[in-house]
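Please walk through this structure with me, beginning with how the parts of one chain meet and then turning to the overall build of another.

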Amino acid sequence: MSLKHDIEFTLNGVKRRVAVDVTMNTLAMLRDVIGLTGTKYGCGEGECGACTIQVDGASLNSCLMFAVDCDGRNVTTIEGLANDGRADALLDAFVEHGAVQCGFCTPGMVMQADHVLHKHPRPDEACVKRGIEGNLCRCTGYKKIVDAIVAADGA
Amino acid sequence: MNVAEKKPRIIQPDSLIGKRIQKMDAPEKASGRTRYIHDINLSGQLHGKILRSGRIHALIKSIDTSAAKALPGVHVVITAADIPDQRPIGVAKDHFPLKVGRVRSERDEIAAVAAESEEIAEAALKLIKVEYEDLPVIGNPEDAIKPGAPLIHPEPHGADGTHLHLKQGTSIAHKGKPDNIAMRFDYAHGDVVQGEAASDVVVEDTFKLHYVTHCCMGVSGMIAEFDASGNVLMYSNTQVPFLHKREFAEYLNIDPARIRIIQPPIGGGFGSKLDIYPFEVICLYLARAARRPVKMLFTREEEFLASPTRQPVLLTLRSGCKKDGTLTFRQVHTLHDNGAYTSWGATTPFVMMQTFSSLYRVPHCDYHTAAVYTNNPYAGSFRGYGNLQATFAIEQHMDMLAEKIGMDPLEFRIKNAQDAGEVTGQGMSFKSCGFKDCITTAATRSDFSRKFKENAANRNKPGNIRRGIGMASMLHVGGGAKIYPSDGCGTILKMDDFANVTLITGASEIGQGSETVLSQLVCEELGLPISAVTVVNNDTAITPWDVGVHASRTTFIAGNSAIGAAKKAKAKILAVAAKKYEAAESDLDLRGGFVIQAATGEAIVELSKLLRNLHFQDKAELVMTTFYYEPPSVHQDKGFKGDVSAAYAWGTQVVEVEVDTDTGFVKLVKVTGAHDVGRVLNRLGIEGQIEGGVVMGQGYAFTEDLMIENGVMKNPNFRDYKLVTAPEIPEMDIAFIESMDGEGPQGAKGVGEAPAICMAAAAANAIANATGTRMFELPFTPEKVYRALHGQTPKLYWKPWKAE
């Protein structure tokens with residue numbers, strides 16, 4: 001039905017080679033082709049942040065990035081963050097501060113929080129709120145998420 | 001290893017109640033390991049998609065699925081004609097999953113496809129040709145009750161007369177409806193004429209409440225599979241697995257025993273999964289026809305279009321009081337936009353009338369609702385269940401009446417507030433009631449009275465920023481709600497030989513933290529750490545019966561059930577220990593993983609060792625118990641009277657705003673809440689519930705608006721449907737009033753819905769305090785507020801619909 005393209009990129013520290021449909025977005029590639037389901041579909045149009053990943057140090061909505069554009073890049077998903085111990089303090093802070101309810105927005109929120117903390121070490125509340133404004137959460141009212149991110153950096 | 005019994009060892013008392021307990025499922029969720037329904041795939045699975053009408057109200061003249069069926073990769077295409085035994089779904093049985101002869105709203109299901117991939121299924125939908133004949137559209141409920149209005153479900157067969165093969169039945173879907181009135185509710189206590197005659201002051205206003213929707217972050221979905229023997233396995237996000245199991249069996253015309261529902265973790269609930277929706281039944285039809293597992297997931301746009309909403313309400317309230325501040329009567333007429341079909345939204349008057357009749361002491365109350373059919377989206381249940389709408393009207397009138405008689409609004413409320421021990425006109429009996437504590441605590445912590453006077457005095461000073469403070473209070477069921485003849489929940493508890501507990505509960509976890517709270521309650525009885533508990537709560541083949549997650553009932557009902565099972569386990573353990581160590585059972589207790597001397601705390605034996613001894617002997621026994629808890633509430637009578645809940649939750653929220661009179665923008669500055677929750681069980685969890693509810697209430701009050709014009713949804717996406725984002729949240733100061741309910745688990749009452757209820761009402765009062773302008777219509781967008789401030793909002797007036 002459509003064209004496939006071979007790409008090679010680094011996913012969570014490991015080199016990958018994948019054949020992807022040229023119309024496929026990175027979210028679909030991660031979930032359906034590679035089988036990593038920690039990155040979530042919330043809206044498919046870059047409005048909710050549930051599919052946030054990091055690409056070459058930038059955070060972005062994987063639903064808005066063509067999979068073929070991952071070629072040659074360094075991609076980190078929640079699975080990569082959660083496995084290398086780098087973000088343990090952040091994950092622990094989310095758990096300790098009650099920042100998780102239904103949890104569906106959480107992986108994207110954690111990816112964005114990790115990015116915010118790298119860009120702005122020791123952020124204040126306002127900086128964190130601004131930093132996660134593209135990530136929607138329907139359960140928590142954000143307060144405990146903000147508390148967790150602020151505390152994670154102080155940890 | 002187990003030398004503890006040799007040495008005298010004192011185990012200090014410890015309790016998990018009221019502590020900040022981490023949610024048991026949080027580590028998995030935070031690290032992306034949790035498998036939601038979207039993340040589950042079965043081998044051999046097909047993907048289902050639904051063709052929706054796109055027309056608002058039309059007759060279906062023909063459907064041609066031949067091209068779709070011919071597309072490679074398509075396994076099954078179905079329409080109503082393929083399911084001659086379709087049964088109607090929904091609260092009023094007025095709704096066929098696949099539409100027959102007529103579509104009544106934009107989201108109506110015409111056909112469905114199961115294919116090898118989502119892409120193929122979507123391509124197949126585009127090949128289905130449907131011919132329609134458009135009909136007049138009813139876009140608002142006032143038009144629906146005008147004489148000569150087009151009927152949404154005309155007789156016979158809901159005007160689906162071309163499909164006479166349908167079996168005759170008594171449902172609306174089969175026989176139609178001679179008018180557009182879906183449901184009516186009439187309630188009264190006392191005599192409002194007498195009440196009005198005794199009033200010194202009377203106010204009457206019309207309030208207009210809008211469409212909002214749940215916006216669960218995880219979109220709706222389901223996986224259905226029939227095994228070789230015809231047994232059905234469903235992966236479903238339902239909040240009501242046991243009652244729905246029976247209904248699904250009816251729709252498939254099979255024995256309910258053949259249906260097994262597994263509930264994967266859910267990406268948000270808030271009431272949205274309380275009914276059965278067409279996609280679930282259609283997914284079952286597809287799986288049955290394809291003889292393969294079928295997975296169906298919504299897109300976000302579909303989630304907006306085809307999910308239930310909060311019920312839009314037009315409400316006229318007439319209230320009165322005496323000069324001394326005594327409330328005299330309330331008369332209420334509401335018109336509910338039911339949408340095209342009837343779901344739980346139509347029944348929100350159950351809750352609304354409770355607030356009108358019983359939040360404050362009102363000697364005379366008269367309440368009428370008509371929920372009417374339109375071609376709009378149909379409304380379901382949503383956190384708060386009508387109470388946001390009712391409270392919006394009542395609490396504005398409380399301020400207005402107080403102003404008219406020149407009384408402080410705080411004093412006026414306290415004068416009329418309920419106390420423990422009162423039985424209301426509706427028969428609700430308040431055994432624990434911290435209402436007055438809620439009012440005074442929220443007022444004191446926010447410095448309400450001083451600010452209220454100061455803001456009012458500052459109204460006419462120069463500058464464009466006006467500060468305002470407003471309060472509102474709420475009453476909601478907090479000990480379940482006996483809307484069915486039973487409101488119970490079962491528990492099975494078993495212990496292994498390491499003193500670990502498996503808690504098998506009928507209560508569903510929908511993100512609210514029930515697993516953690518239930519585990520705490522069990523640990524409290526058995527003297528174990530929370531890590532000793534595994535909760536099983538998601539499989540109807542394993543878990544005991546329960547009536548579902550709704551009405552803020554889980555902590556109370558499932559909590560008491562879990563405690564009951566744990567107490568039985570404890571009794572058995574202590575009996576064994578008493579025999580073995582020649583002590584009286586009453587002298588023993590469980591603490592810190594040990595059997596102890598109750599008086600001294602001295603450890604006698606490690607619990608795990610005692611259990612191993614129990615298992616490894618000639619007459620081995622297991623510690624395995626069951627308990628079923630039925631709350632001491634009553635099913636209301638036909639006049640809606642009766643003590644429907646075992647306990648009632650109370651709360652007051654004070655809202656502070658800054659109104660920019662140049663732009664109409666209202667900034668929510670601070671929310672001070674005081675909630676009577678009975679007792680705090682998990683402080684971390686309950687804070688999260690309150691904060692989340694406050695912000696959901698903020699969205700209802702200020703930003704969220706599902707725009708429907710003549711049945712067409714204008715903003716089915718997060719770009720145009722504005723959820724509150726992190727920078728917009730207010731400062732929150734939440735206090736808990738612990739009234740220690742006698743029936744509640746460890747004294748606790750339900751709180752799930754409570755925090756969203758007061759926000760819009762309190763915000764309206766705050767805007768009035770800031771500007772002197774009353775807002776009668778939600779949401780408070782800059783445009784609406786600007787128009788109201790500049791006298792460009794015509795006074796809302798709705799002539800109450802009269803009961804025949």
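In this predicted model, 11 residues of domain 1 of chain A are in contact with 10 residues of domain 2 of chain A. On the side of domain 1 of chain A that touches domain 2 of chain A, the element that gives the most is strand 3 of chain A, residues 52–55, with three residues. Sorted by class, that side of domain 1 of chain A holds four nonpolar and six polar residues, together with one charged residue. The two domains that meet here cover residues 4–77 of chain A, for domain 1, and residues 85–154 of chain A, for domain 2, and their centres, taken over C-alpha atoms, are separated by 21 Å.

Chain B can be read next, starting from its secondary structure, which comprises 20 helices and 28 strands. The radius of gyration of chain B is 28 Å, close to the 28 Å that the globule rule gives for 804 residues, and chain B is therefore as compact as a globular protein of that length. Along its principal axes, the C-alpha trace of chain B spans about 85 × 75 × 45 Å.

Two further values describe how the residues of this chain are packed and connected. Of the 804 residues of chain B, 59% count as buried, a class that requires 20 or more other C-beta atoms within 10 Å of a residue's own. Among the contacts in chain B with a separation of 6 or more, 80% are accounted for by residues 24 or more positions apart.

How values were computed. Residues are numbered from 1 along each chain as its sequence is written. Chains are lettered from A and ligands numbered from 1 in the order in which they are written. This is a predicted model: local features need pLDDT of at least 70, side-chain atom pairs count only at pLDDT 80 or more; totals for chains, interfaces and linings use all residues. Domain bounds come from an automatic or database domain assignment. Two residues are in contact if their C-beta atoms, placed from the backbone, lie within 7 Å. Helices (H or I, at least four residues) and strands (E, at least two) are DSSP runs, numbered from the N terminus. Ala, Val, Leu, Ile, Met, Phe, Trp, Tyr, Cys and Pro count as nonpolar, Asp, Glu, Lys and Arg as charged, and the others, Gly among them, as polar. The radius of gyration is taken over C-alpha atoms; the globule rule is 2.2 Å times the number of residues to the power 0.38. A residue is buried if 20 or more other C-beta atoms lie within 10 Å of its own, exposed if 12 or fewer, and partly exposed in between; C-beta atoms are placed from the backbone.
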